[in-house]
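Welcome, and please take a moment to turn the molecule around on your screen before reading on. We will go from the overall fold to one helix, then to a loop, and finish with another helix.

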Amino acid sequence: MSAPAPTVPLSDEELDRLEDHLASEIFGGEAMALDELQGFLSAIVSGPQMIPPSEWIPIAFGESPRWESEAQTQEVLELVMRFYNHVVHQFMSGEGFDFVLYRPDEEAEYDYETWCSAYLDGVEASPVPWEEAGDADEVDELLFPIVTLADELAPEDVQRMKTGEHEQLLAACREDFPGVLMDIHRYFFALRSKPETVRRESGKVGRNDPCPCGSGKKYKQCCGAPRIVH
């Protein structure tokens, strides 16, 4: 039997197989879980510049996978690339998105935080800074629901909210989530036809790096946190 075409979505059985591989000893706990991988890849394919697999696979897998055989390596890479291609197809077709989201039990809310945190890791992986490729204010506005669901709002902004206001904001962001992702992809897809894109010449501060202002906080919780304008 011939191998499935790269654009054929993974079956439920194949998704389970990929999920098991990512959680196995091959990666020593360094690989992204399936929901993280989908969030990460969604940003990778949506930004100002497409990032080749040779650059994003080491981030998704970790630096030193312990492959047991060439056949195993080929199987995992094939599953991952088909998963990646299906993410691309879903954005380009505009027919809707099949999300991989987990929840601890049937009564709990789906875990958007893990998915969105991985999406922001994909934003950070871009060699072309998103806020410099487009209009910084527009990019911040587009990313605001993702940042909110990733629980990366500035703590002082959350503390200033009235009782129940933060929960209402989270609910609204969850409702808008699919449309927001499509809007981000369309925004940068339209910019990719421009002949030149701005690249950052100085070192980029990571979201989890110490803030350069000297506050002692992480950048994402200090100068890098989006501000809520009242």
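**A walk through the fold**

Let us start at one residue. Setting aside neighbours within four places in sequence, T148 touches L153, L169, L170 and C173. We will come back to T148 once the wider picture is in place.

Keep in mind that you are looking at a predicted model. The protein contains nine helices and zero strands, so its pattern along the sequence is simply α-α-α-α-α-α-α-α-α. Of its 230 residues, 41% are buried. Contacts often span long stretches of chain: among those between residues at least 6 apart in sequence, 72% join residues at least 24 apart. The accessible surface comes to about 12,900 Å², and carbon and sulfur atoms account for 50% of that area.

Now look for helix α2. How many of the eleven residues of α2 are buried? Ten of them are, so the helix is largely enclosed by the rest of the structure. The buried residues of α2 are L34, D35, L37, Q38, G39, F40, L41, S42, A43 and I44, a list that includes D35 and Q38 alongside L37, F40 and L41. What covers these buried residues includes α1 (12-22), α3, α4 (70-93), α5 (112-124) and α6 (130-133).

Follow the chain onward from α2 (34-44) and you enter the loop that leads to α3 (53-61), where M50 lies. M50 is partly exposed, because its relative accessible area of 36% falls between the 20% limit for buried and the 50% limit for exposed. Leaving out neighbours within four places in sequence, M50 is in contact with I44, V45, Y84 and R192. One of these partners, I44, is among the buried residues of α2. M50 also gives a nice example of distance along the chain against distance in space: M50 and F189 are separated by 139 residues in sequence, yet their C-alpha atoms are 9.7 Å apart.

Finally, move to helix α7, which covers residues 136-149 and holds D137. T148, the residue we began with, is found in α7 too. Is D137 buried or exposed? D137 is exposed, with a relative accessible area of 61%, whereas T148 is buried, with a value of 1%. On the surface, D137 gathers with D135, E138, D140 and E141 in a patch of negative charge. Helix α7 therefore carries both an exposed residue, D137, and a buried one, T148.

Methods. Residues numbered from 1 in each chain as written. Predicted model: local features only at pLDDT ≥ 70, side-chain atom pairs only at ≥ 80, totals over all residues. Heavy atoms only, no water. Patch = residues over 30% accessible without salt bridge, like charges linked within 9 Å, V, L, I, M, F, W, Y side chains within 5 Å. Areas by Shrake-Rupley, 256 points an atom, 1.4 Å probe, with all protein chains shown as cover. Salt bridge = Lys/Arg side-chain N within 4 Å of Asp/Glu carboxyl O. Lys, Arg positive; Asp, Glu negative; His and termini not counted. Charge placed at Lys NZ, Arg CZ, Asp CG, Glu CD. Helix = DSSP H or I, 4+ residues; strand = E, 2+ residues; numbered from the N terminus. Buried < 20%, exposed > 50% of the residue type's maximum accessible area, 1.4 Å probe, protein only. Contact = heavy atoms within 4.5 Å.
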